[in-house]
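The following paragraphs lead the reader through a structure, beginning with how its chains meet and continuing to the spaces left between the atoms. Please keep the model in view while reading.

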Amino acid sequence: MNEPPAIPSAPSPTVSHADPERWVDEHGDCLYRYALTRVRKEEIAEDLVQETLLAAVRQVDKFGGRSSERSWLCGILKNKICDHFRKLGREVNFTDLEFFSDEHSDRFDGDDYWIHERGPTEWKPEGLEAMKRSEFWKALQAALARLPERIAVVFMMREMDDMPSKEICAALNISEANLWVMLHRARMALRDDLETHYFGTKGGTTL
Amino acid sequence: VIEPTNWWKTKLVMFIAKHTPKCHDITRLISQSMDGQLPLRTRLAMRVHYIICVWCTRYRDQLALTRKAMHVCPDEGVEKMEGELEATAKARMKERLKRKAQESPEHS
(Lines give C-alpha, C1' and ligand atoms only; values in the text may rest on other atoms or scores of the structure.)
Protein backbone atom coordinates (compact mmCIF):
# COMPACT_ATOMS: atom_id res chain seq x y z
CA MET A 1 0.00 0.00 0.00
CA ASN A 2 2.89 2.34 0.68
CA GLU A 3 4.79 1.43 -2.45
CA PRO A 4 5.21 4.08 -5.11
CA PRO A 5 2.69 3.87 -7.98
CA ALA A 6 3.36 1.07 -10.43
CA ILE A 7 5.02 1.90 -13.72
CA PRO A 8 2.30 1.91 -16.38
CA SER A 9 4.17 -0.39 -18.77
CA ALA A 10 4.54 -3.05 -16.10
CA PRO A 11 1.38 -2.99 -14.06
CA SER A 12 1.73 -4.75 -10.77
CA PRO A 13 -0.75 -7.53 -10.12
CA THR A 14 -1.17 -6.30 -6.58
CA VAL A 15 -3.41 -3.52 -5.39
CA SER A 16 -0.57 -1.05 -5.22
CA HIS A 17 -2.24 1.36 -7.66
CA ALA A 18 -5.59 1.12 -5.95
CA ASP A 19 -6.38 2.03 -2.43
CA PRO A 20 -9.28 -0.04 -1.10
CA GLU A 21 -9.12 1.57 2.31
CA ARG A 22 -9.67 4.97 0.79
CA TRP A 23 -12.73 3.53 -0.99
CA VAL A 24 -14.21 2.77 2.39
CA ASP A 25 -13.85 6.40 3.46
CA GLU A 26 -14.87 8.01 0.20
CA HIS A 27 -17.61 5.72 -1.05
CA GLY A 28 -18.52 3.54 1.90
CA ASP A 29 -21.46 5.60 3.11
CA CYS A 30 -23.00 6.03 -0.32
CA LEU A 31 -22.63 2.36 -1.21
CA TYR A 32 -24.09 1.39 2.13
CA ARG A 33 -27.03 3.78 1.79
CA TYR A 34 -27.80 2.38 -1.63
CA ALA A 35 -27.52 -1.22 -0.45
CA LEU A 36 -29.72 -0.45 2.54
CA THR A 37 -32.40 1.07 0.31
CA ARG A 38 -32.39 -2.14 -1.68
CA VAL A 39 -32.17 -4.82 1.00
CA ARG A 40 -33.45 -2.97 4.09
CA LYS A 41 -31.36 -4.94 6.58
CA GLU A 42 -28.25 -3.33 8.00
CA GLU A 43 -26.19 -6.50 8.34
CA ILE A 44 -26.96 -7.62 4.82
CA ALA A 45 -26.24 -4.16 3.42
CA GLU A 46 -22.92 -4.06 5.21
CA ASP A 47 -22.01 -7.52 3.94
CA LEU A 48 -22.86 -6.54 0.39
CA VAL A 49 -20.65 -3.46 0.58
CA GLN A 50 -17.82 -5.55 1.98
CA GLU A 51 -18.19 -8.13 -0.79
CA THR A 52 -18.29 -5.35 -3.34
CA LEU A 53 -15.01 -3.90 -2.14
CA LEU A 54 -13.34 -7.30 -2.04
CA ALA A 55 -14.53 -7.98 -5.58
CA ALA A 56 -13.33 -4.55 -6.64
CA VAL A 57 -9.82 -5.35 -5.41
CA ARG A 58 -9.80 -8.42 -7.63
CA GLN A 59 -11.12 -6.54 -10.65
CA VAL A 60 -9.19 -3.33 -10.25
CA ASP A 61 -7.11 -3.99 -13.37
CA LYS A 62 -10.27 -4.02 -15.45
CA PHE A 63 -11.28 -0.59 -14.21
CA GLY A 64 -9.92 1.65 -16.92
CA GLY A 65 -11.15 4.89 -15.49
CA ARG A 66 -13.82 5.22 -18.16
CA SER A 67 -16.40 5.90 -15.50
CA SER A 68 -15.98 7.43 -12.10
CA GLU A 69 -14.73 5.24 -9.31
CA ARG A 70 -18.10 5.62 -7.61
CA SER A 71 -20.15 4.34 -10.52
CA TRP A 72 -17.70 1.50 -11.08
CA LEU A 73 -18.09 0.38 -7.46
CA CYS A 74 -21.82 0.94 -7.62
CA GLY A 75 -22.02 -1.28 -10.70
CA ILE A 76 -20.34 -4.10 -8.80
CA LEU A 77 -22.67 -3.54 -5.86
CA LYS A 78 -25.70 -3.72 -8.16
CA ASN A 79 -24.57 -7.14 -9.37
CA LYS A 80 -24.11 -8.32 -5.82
CA ILE A 81 -27.61 -7.11 -4.96
CA CYS A 82 -29.09 -8.92 -7.97
CA ASP A 83 -27.32 -12.13 -6.99
CA HIS A 84 -28.66 -11.73 -3.48
CA PHE A 85 -32.26 -11.49 -4.71
CA ARG A 86 -31.81 -14.27 -7.26
CA LYS A 87 -30.75 -16.53 -4.45
CA LEU A 88 -33.75 -15.42 -2.39
CA GLY A 89 -36.08 -15.83 -5.36
CA ARG A 90 -35.44 -19.56 -5.32
CA GLU A 91 -36.86 -19.82 -1.81
CA VAL A 92 -39.30 -16.93 -1.45
CA ASN A 93 -42.34 -16.20 -3.60
CA PHE A 94 -42.07 -12.55 -4.58
CA THR A 95 -45.64 -12.18 -5.83
CA ASP A 96 -47.62 -9.64 -3.84
CA LEU A 97 -51.09 -8.84 -5.09
CA GLU A 98 -52.46 -7.82 -1.71
CA PHE A 99 -50.74 -4.49 -1.64
CA PHE A 100 -52.83 -1.55 -2.78
CA SER A 101 -55.47 -3.78 -4.31
CA ASP A 102 -58.00 -0.95 -4.57
CA GLU A 103 -55.58 1.08 -6.72
CA HIS A 104 -56.99 4.36 -5.50
CA SER A 105 -60.52 3.62 -6.55
CA ASP A 106 -61.57 6.49 -4.24
CA ARG A 107 -59.81 8.91 -6.54
CA PHE A 108 -61.93 7.88 -9.50
CA ASP A 109 -65.65 8.37 -10.00
CA GLY A 110 -68.11 5.64 -10.85
CA ASP A 111 -67.16 5.90 -14.52
CA ASP A 112 -63.44 5.55 -13.75
CA TYR A 113 -62.55 9.16 -14.54
CA TRP A 114 -60.45 11.14 -12.08
CA ILE A 115 -62.46 13.00 -9.46
CA HIS A 116 -61.07 16.44 -10.22
CA GLU A 117 -60.13 17.47 -6.67
CA ARG A 118 -58.43 14.14 -6.05
CA GLY A 119 -56.52 13.81 -9.32
CA PRO A 120 -52.76 14.39 -9.57
CA THR A 121 -51.82 17.96 -8.66
CA GLU A 122 -49.24 20.09 -10.34
CA TRP A 123 -45.78 19.45 -8.90
CA LYS A 124 -43.64 22.35 -7.74
CA PRO A 125 -40.72 22.65 -8.02
CA GLU A 126 -40.72 20.95 -11.36
CA GLY A 127 -38.80 17.80 -12.17
CA LEU A 128 -35.17 18.63 -12.66
CA GLU A 129 -35.28 21.44 -10.13
CA ALA A 130 -36.66 19.08 -7.50
CA MET A 131 -33.91 16.56 -8.16
CA LYS A 132 -31.30 19.13 -7.15
CA ARG A 133 -32.73 19.34 -3.66
CA SER A 134 -31.72 16.97 -0.93
CA GLU A 135 -35.24 17.08 0.55
CA PHE A 136 -36.52 15.42 -2.58
CA TRP A 137 -34.09 12.52 -2.25
CA LYS A 138 -34.90 12.06 1.40
CA ALA A 139 -38.58 11.95 0.48
CA LEU A 140 -37.89 9.39 -2.23
CA GLN A 141 -35.82 7.30 0.17
CA ALA A 142 -38.65 7.37 2.72
CA ALA A 143 -41.27 6.61 0.08
CA LEU A 144 -39.32 3.58 -1.13
CA ALA A 145 -38.97 2.40 2.46
CA ARG A 146 -42.75 2.58 2.86
CA LEU A 147 -43.43 0.24 -0.07
CA PRO A 148 -44.04 -3.37 1.00
CA GLU A 149 -40.83 -5.33 0.79
CA ARG A 150 -41.54 -7.61 -2.16
CA ILE A 151 -43.08 -4.80 -4.20
CA ALA A 152 -40.02 -2.68 -3.50
CA VAL A 153 -37.61 -5.41 -4.59
CA VAL A 154 -39.39 -5.90 -7.90
CA PHE A 155 -39.85 -2.19 -8.54
CA MET A 156 -36.22 -1.30 -7.84
CA MET A 157 -34.94 -4.13 -10.04
CA ARG A 158 -36.99 -2.69 -12.86
CA GLU A 159 -36.25 1.00 -12.34
CA MET A 160 -32.77 1.07 -10.83
CA ASP A 161 -31.18 -1.91 -12.54
CA ASP A 162 -33.20 -1.39 -15.71
CA MET A 163 -33.72 -5.13 -15.83
CA PRO A 164 -36.16 -6.29 -18.54
CA SER A 165 -39.51 -7.63 -17.28
CA LYS A 166 -38.82 -11.14 -18.51
CA GLU A 167 -35.57 -11.37 -16.59
CA ILE A 168 -37.21 -10.19 -13.39
CA CYS A 169 -39.94 -12.79 -13.81
CA ALA A 170 -37.36 -15.51 -14.28
CA ALA A 171 -35.14 -14.35 -11.42
CA LEU A 172 -37.93 -13.98 -8.88
CA ASN A 173 -40.25 -16.64 -10.20
CA ILE A 174 -43.31 -14.45 -10.83
CA SER A 175 -45.67 -14.36 -13.79
CA GLU A 176 -45.52 -11.49 -16.23
CA ALA A 177 -49.14 -10.52 -15.61
CA ASN A 178 -48.50 -10.30 -11.87
CA LEU A 179 -45.32 -8.35 -12.45
CA TRP A 180 -47.29 -5.73 -14.39
CA VAL A 181 -49.82 -5.40 -11.63
CA MET A 182 -47.10 -5.04 -9.02
CA LEU A 183 -45.17 -2.44 -11.01
CA HIS A 184 -48.32 -0.46 -11.74
CA ARG A 185 -49.24 -0.36 -8.06
CA ALA A 186 -45.70 0.48 -7.00
CA ARG A 187 -45.57 3.43 -9.41
CA MET A 188 -48.97 4.65 -8.36
CA ALA A 189 -48.15 4.40 -4.65
CA LEU A 190 -44.76 6.05 -5.02
CA ARG A 191 -46.20 8.94 -7.00
CA ASP A 192 -48.88 9.37 -4.41
CA ASP A 193 -46.37 9.27 -1.56
CA LEU A 194 -44.12 11.89 -3.15
CA GLU A 195 -47.12 14.11 -3.77
CA THR A 196 -48.28 13.81 -0.18
CA HIS A 197 -44.91 14.11 1.52
CA TYR A 198 -42.88 16.30 -0.76
CA PHE A 199 -44.77 18.10 -3.51
CA GLY A 200 -48.44 18.59 -2.93
CA THR A 201 -49.53 21.30 -0.57
CA LYS A 202 -46.50 21.96 1.62
CA GLY A 203 -43.31 20.02 0.89
CA GLY A 204 -41.70 21.55 -2.12
CA THR A 205 -43.16 25.02 -2.15
CA THR A 206 -42.00 26.08 1.29
CA LEU A 207 -38.38 25.34 0.48
CA VAL B 1 -75.27 26.17 -18.32
CA ILE B 2 -72.76 25.96 -21.12
CA GLU B 3 -71.90 29.10 -23.03
CA PRO B 4 -72.74 28.81 -26.73
CA THR B 5 -69.06 29.28 -27.71
CA ASN B 6 -68.09 26.43 -25.46
CA TRP B 7 -70.83 24.15 -26.62
CA TRP B 8 -68.80 22.52 -29.40
CA LYS B 9 -65.75 22.31 -27.19
CA THR B 10 -67.68 20.51 -24.49
CA LYS B 11 -69.23 18.16 -27.00
CA LEU B 12 -65.77 17.37 -28.36
CA VAL B 13 -64.36 16.68 -24.90
CA MET B 14 -67.27 14.40 -24.12
CA PHE B 15 -66.83 12.62 -27.43
CA ILE B 16 -63.12 12.02 -26.82
CA ALA B 17 -63.76 10.89 -23.24
CA LYS B 18 -66.29 8.41 -24.51
CA HIS B 19 -64.05 6.97 -27.19
CA THR B 20 -60.72 6.70 -25.36
CA PRO B 21 -59.89 4.47 -22.36
CA LYS B 22 -61.07 5.67 -18.94
CA CYS B 23 -58.58 7.44 -16.67
CA HIS B 24 -58.21 4.45 -14.39
CA ASP B 25 -57.31 2.30 -17.38
CA ILE B 26 -54.98 4.98 -18.71
CA THR B 27 -52.95 4.85 -15.49
CA ARG B 28 -52.52 1.10 -15.99
CA LEU B 29 -51.58 1.58 -19.63
CA ILE B 30 -49.03 4.27 -18.74
CA SER B 31 -47.33 1.81 -16.44
CA GLN B 32 -47.40 -0.92 -19.08
CA SER B 33 -45.97 1.43 -21.67
CA MET B 34 -42.94 1.83 -19.39
CA ASP B 35 -42.21 -1.88 -19.58
CA GLY B 36 -42.87 -2.59 -23.24
CA GLN B 37 -44.35 -1.15 -26.39
CA LEU B 38 -48.12 -0.99 -26.61
CA PRO B 39 -50.06 -1.47 -29.87
CA LEU B 40 -50.18 1.61 -32.08
CA ARG B 41 -53.93 1.89 -31.69
CA THR B 42 -53.64 2.04 -27.90
CA ARG B 43 -50.83 4.58 -28.05
CA LEU B 44 -52.90 6.79 -30.32
CA ALA B 45 -55.93 6.54 -28.05
CA MET B 46 -53.75 7.58 -25.12
CA ARG B 47 -52.40 10.56 -27.05
CA VAL B 48 -55.90 11.74 -27.78
CA HIS B 49 -56.94 11.23 -24.18
CA TYR B 50 -54.07 13.46 -22.97
CA ILE B 51 -55.51 16.31 -25.03
CA ILE B 52 -58.59 16.44 -22.87
CA CYS B 53 -57.25 15.19 -19.53
CA VAL B 54 -54.79 17.25 -17.52
CA TRP B 55 -54.75 14.69 -14.69
CA CYS B 56 -53.63 11.79 -16.83
CA THR B 57 -51.07 14.06 -18.49
CA ARG B 58 -49.67 14.99 -15.08
CA TYR B 59 -49.75 11.37 -14.01
CA ARG B 60 -47.73 10.38 -17.07
CA ASP B 61 -45.17 13.15 -16.55
CA GLN B 62 -44.83 12.46 -12.85
CA LEU B 63 -44.24 8.76 -13.45
CA ALA B 64 -41.60 9.68 -16.00
CA LEU B 65 -39.93 11.95 -13.45
CA THR B 66 -40.00 9.23 -10.81
CA ARG B 67 -38.40 6.84 -13.26
CA LYS B 68 -35.67 9.35 -14.05
CA ALA B 69 -35.02 9.91 -10.36
CA MET B 70 -34.82 6.17 -9.70
CA HIS B 71 -32.41 5.84 -12.58
CA VAL B 72 -29.93 8.47 -11.39
CA CYS B 73 -30.43 7.59 -7.75
CA PRO B 74 -27.30 5.43 -7.36
CA ASP B 75 -25.09 8.11 -8.89
CA GLU B 76 -26.65 11.37 -7.75
CA GLY B 77 -29.36 10.64 -5.24
CA VAL B 78 -27.53 8.58 -2.62
CA GLU B 79 -25.20 11.49 -2.02
CA LYS B 80 -28.17 13.39 -0.59
CA MET B 81 -29.86 10.55 1.23
CA GLU B 82 -29.51 9.52 4.84
CA GLY B 83 -27.71 6.64 6.54
CA GLU B 84 -24.08 6.09 7.41
CA LEU B 85 -21.79 3.19 8.10
CA GLU B 86 -20.69 3.09 11.69
CA ALA B 87 -17.03 3.75 12.36
CA THR B 88 -16.61 0.24 13.68
CA ALA B 89 -18.06 -1.20 10.48
CA LYS B 90 -15.64 0.86 8.41
CA ALA B 91 -12.73 -0.31 10.51
CA ARG B 92 -13.90 -3.89 10.08
CA MET B 93 -14.04 -3.49 6.33
CA LYS B 94 -10.60 -1.96 6.11
CA GLU B 95 -9.20 -4.75 8.22
CA ARG B 96 -10.61 -7.39 5.89
CA LEU B 97 -9.37 -5.57 2.82
CA LYS B 98 -5.90 -5.32 4.31
CA ARG B 99 -5.88 -9.02 5.16
CA LYS B 100 -7.05 -9.87 1.69
CA ALA B 101 -4.27 -7.81 0.13
CA GLN B 102 -1.69 -9.53 2.27
CA GLU B 103 -2.83 -13.10 1.89
CA SER B 104 -3.15 -13.19 -1.89
CA PRO B 105 -1.14 -10.48 -3.59
CA GLU B 106 -0.74 -12.64 -6.70
CA HIS B 107 -4.35 -13.64 -6.88
CA SER B 108 -6.38 -12.03 -9.58
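In this predicted model, chain B and chain A bury about 5,900 Å² between them, and 65% of that area lies on carbon and sulfur atoms. Chain A brings 69 residues to the contact, and chain B brings 51.

Charged and polar groups also take part in this interface. Eight salt bridges are found across the interface of chain B and chain A. One example joins the side chains of B:Glu79 and A:Arg70, with an N to O distance of 3.0 Å. In addition, 24 residue pairs are in polar contact between chain B and chain A, counting pairs with both residues at pLDDT 80 or more. On the side of chain B that touches chain A, two or more residues come from each of helix 1, helix 2 (23-33), helix 4 (54-80) and helix 5 (87-103) of chain B. The largest share of this side belongs to helix 4 of chain B, which supplies 21 residues. By character, the residues on this side of chain B comprise 22 nonpolar, 19 charged and ten polar.

Attention may now turn to the empty space. Rolling a probe the size of a water molecule over the atoms reveals where such space remains. Across the whole structure, the search yields one cavity of 30 Å³ or more. The largest cavity holds about 50 Å³ of space. Its lining draws on both chains: A:Phe155, A:Glu159, A:Arg187 and A:Arg191 from chain A, and B:Met34, B:Leu63, B:Thr66, B:Arg67 and B:Met70 from chain B. Helix 6 (149-159) and helix 8 (176-197) of chain A, together with helix 4 of chain B, are the elements that give two or more residues to this lining. Helix 4 of chain B gives the most, with four residues. The lining of the largest cavity divides into four nonpolar, four charged and one polar residue.

What volume of space lies in the second largest pocket? The value is about 200 Å³. The elements that give two or more residues to the lining of this pocket are helix 1 (4-19) and helix 3 (40-52) of chain B. Helix 1 of chain B contributes the most, with three residues. Among the lining residues are B:Val13, B:Met14 and B:Ala17, while chain A is represented by A:Asp109, A:Tyr113, A:Trp114 and A:His116. The lining of the second largest pocket consists of nine nonpolar residues, two polar and one charged.

Definitions and conventions:
Residues are numbered from 1 along each chain as its sequence is written. Chains are lettered from A and ligands numbered from 1 in the order in which they are written. This is a predicted model: local features need pLDDT of at least 70, side-chain atom pairs count only at pLDDT 80 or more; totals for chains, interfaces and linings use all residues. Side-chain values use heavy atoms; hydrogens and water are left out. On a 1 Å grid over the protein atoms alone, a cavity is a set of points where a 1.4 Å probe fits but cannot get out, and a pocket is an open set with protein on both sides within 12 Å along at least five of seven lines; lining residues have an atom within 4 Å of a point. Grid points are joined across faces, edges and corners, and a volume is the space filled by probe spheres set on the points. Ala, Val, Leu, Ile, Met, Phe, Trp, Tyr, Cys and Pro count as nonpolar, Asp, Glu, Lys and Arg as charged, and the others, Gly among them, as polar. Contact means heavy atoms within 4.5 Å. Buried area is the accessible area (1.4 Å probe) that two parts lose on being put together, summed over both. A salt bridge is a side-chain nitrogen of Lys or Arg within 4 Å of a carboxyl oxygen of Asp or Glu. A polar contact is a pair of N or O atoms within 3.5 Å; within protein, one must be able to donate a hydrogen and the other to accept it, and residues adjacent in sequence count only if both atoms are side-chain atoms.
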